[in-house]
Amino acid sequence: MAAAGRHILDVRGLHKSFGTLAVLKGIDFRLRERELAFVIGPSGSGKSTFLRCCNRLEEPTSGSIHVDGTDILAPGVDINAVRRRIGMVFQSFNLYPHMTALGNVTLALRLASRKSKAEALEIGRAALARVGLAHKAQAHPGELSGGQQQRVAIARALALEPKIVLFDEPTSALDPELVGSVLQVMRDLRETGMTMLVVSHELQFARAAADRVVFMEDGVIVEQGPPEQVFGAPQQARTRAFVARIDGHR
Amino acid sequence: MDRFLFTFFNGEVMWEYLPKILSGMWVTTYLAAFVIATGLALGLLLAVLRSTLSQKMPAPLSWLAEALRLLIIFFVDVMRSVPPLVLIVLFFYGLPALGLDIAGLGATWLALSLVLAAFAEEIYWAGLIAVAKGQWEAARSTGLGFLQTLIYVVLPQAIRLTVPPLTNRTIAITKGTALGQVVAVQEILYQAYSGLSFSSNPSPLTLGALAYLVLFLPVVVAGRWIETRFAWRR
């Protein structure tokens, strides 16, 4: 599936410590254009920190990160310009409660991308339509279900036409019956060729949709490969133990 | 009973001093308006500045920022500790000694504005802190800068949270305009009190109390209305 194609994300020797606590201990990872990679692992393994380093919501301690060819850790890099090309979707949606769905989606278009009002509204409406919420443009987040809120959050990320979208446990805060709608949007996104890096516990979805599954534990990547390999025939004992534990809960 | 009415509700005396009390009401009104305007604006500015200074920055700059941040906190704590009356008197007698000519009205305005600014800063700050960290992260992750995030995402939410405590504090401070009396600001209490001295009858004080009610009861009621209006529409 993920054949040739340049690397959208290129991470080398990434370390991150919080005080004396080393959370990431040397991550090397590359993601090709149009690839969908799933990061799994026990809580505290550093998955979310890894993701958050990729747009510098966390400041890496050492290592290098290139996004679409740009060294995002270079001194003097325009981090706001970099972030416009990296979409991010959060576990808790983080929609702006004082704005409508459309307002949420268009804010960065107006302020960061400097689009005209008419242009921003047009792009914003199109983004909401992509996640199936064109009819909710004027609704405030409080009037939307969790699944709808997360889809607005995805639209907010998509509106900026990012090169890659990072998903940080996008379905963990949702009621089970609402998970499907968000996964469907992610599936549609994949069809359009969006490059995605997803931290999630939706293993069934990973099995069906991921090009690659990355297993992290204790701040390192233990094993990675196609889902059938990581889930079906894991090479490492730690991966086997984790997969068995997860499957046991189903 | 007659004696009580004669003492506190003496129509003749009241009529005589009504113009004075009315002019006092005008002074109280514009003094309060100026105090509210400068106090709330300065408080917001300080809170925004404190938030900006609390950002991560490179080493030499971060020391300066930390020093400024501590200075703001020091100012706020001092202004919240000192009684407004003390400040008024201090400014009235102290500033001219420093070569800064200031009238009683100016001293009262300055003192009350600074006290309101200090309390307002703490309230705004609490509001800023109360806005979820995820709001910052979401906005920054779409490429918004620090100030854009503060102004368009965080402040509108913070200010909503701060309306009820700010309303209370504002009412409390505007009543403090009565303190201007000690430095001869000719506001309601000053007029009432001098009326009492001239007529040897406390009825002007009653009139003054009524004047305060007429001025501030609508403010208190408006405050309650604002509080309900700004309640979260989720």
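This passage describes a predicted complex, moving from model confidence to the contact between chains A and B and then to local features.

The structure is a predicted model, in which local features need pLDDT of at least 70, side-chain atom pairs count only at pLDDT 80 or more, and totals for chains, interfaces and linings use all residues. Residues are numbered from 1 along each chain as its sequence is written, while chains are lettered from A and ligands numbered from 1 in the order in which they are written. The predictor assigns the complex an ipTM of 0.92 and a pTM of 0.85. For chain B, the mean pLDDT (the predictor's confidence in each residue, from 0 to 100) is 89, and 98% of the residues reach 70 or more. Among the elements of chain B, α6(B) has the highest mean pLDDT, 96, and helix α1 (residues 2-8) the lowest, 79. Helices (H or I, at least four residues) and strands (E, at least two) are DSSP runs, numbered from the N terminus.

Turning to the contact between the chains, 21 residues come from chain A and 17 residues from chain B; two residues are in contact if their C-beta atoms, placed from the backbone, lie within 7 Å. On the side of chain B that touches chain A, α6 (133-141) and α7 (146-175) are the elements that give two or more residues. The largest share there, 6 residues, belongs to α6(B). That side of chain B comprises 5 nonpolar, 8 polar and 4 charged residues, where Ala, Val, Leu, Ile, Met, Phe, Trp, Tyr, Cys and Pro count as nonpolar, Asp, Glu, Lys and Arg as charged, and the others, Gly among them, as polar.

In chain A, A:Leu95 sits in the loop between β6 (86-89) and α3 (101-111). A:Leu95 is buried, with 26 other C-beta atoms within 10 Å; the term buried requires 20 or more such atoms, exposed 12 or fewer, and partly exposed lies in between, with C-beta atoms placed from the backbone. Beyond its neighbours within four places in sequence, A:Leu95 is in contact with A:Asn104, A:Pro141, A:Gln149, A:Val152 and A:Ala153.

Back in chain B, helix α8 (residues 188-199) has 12 residues and an expected span of 16 Å, in agreement with the 16 Å between its end C-alpha atoms; the expected span is 1.5 Å times one less than the number of residues. Buried residues of α8(B) include B:Ile188, B:Tyr190 and B:Gly195, and α2 (11-53) and α9 (203-229) of chain B are among what covers the buried residues. Just after α8(B), B:Ser200 adopts a positive phi of about 55 degrees.
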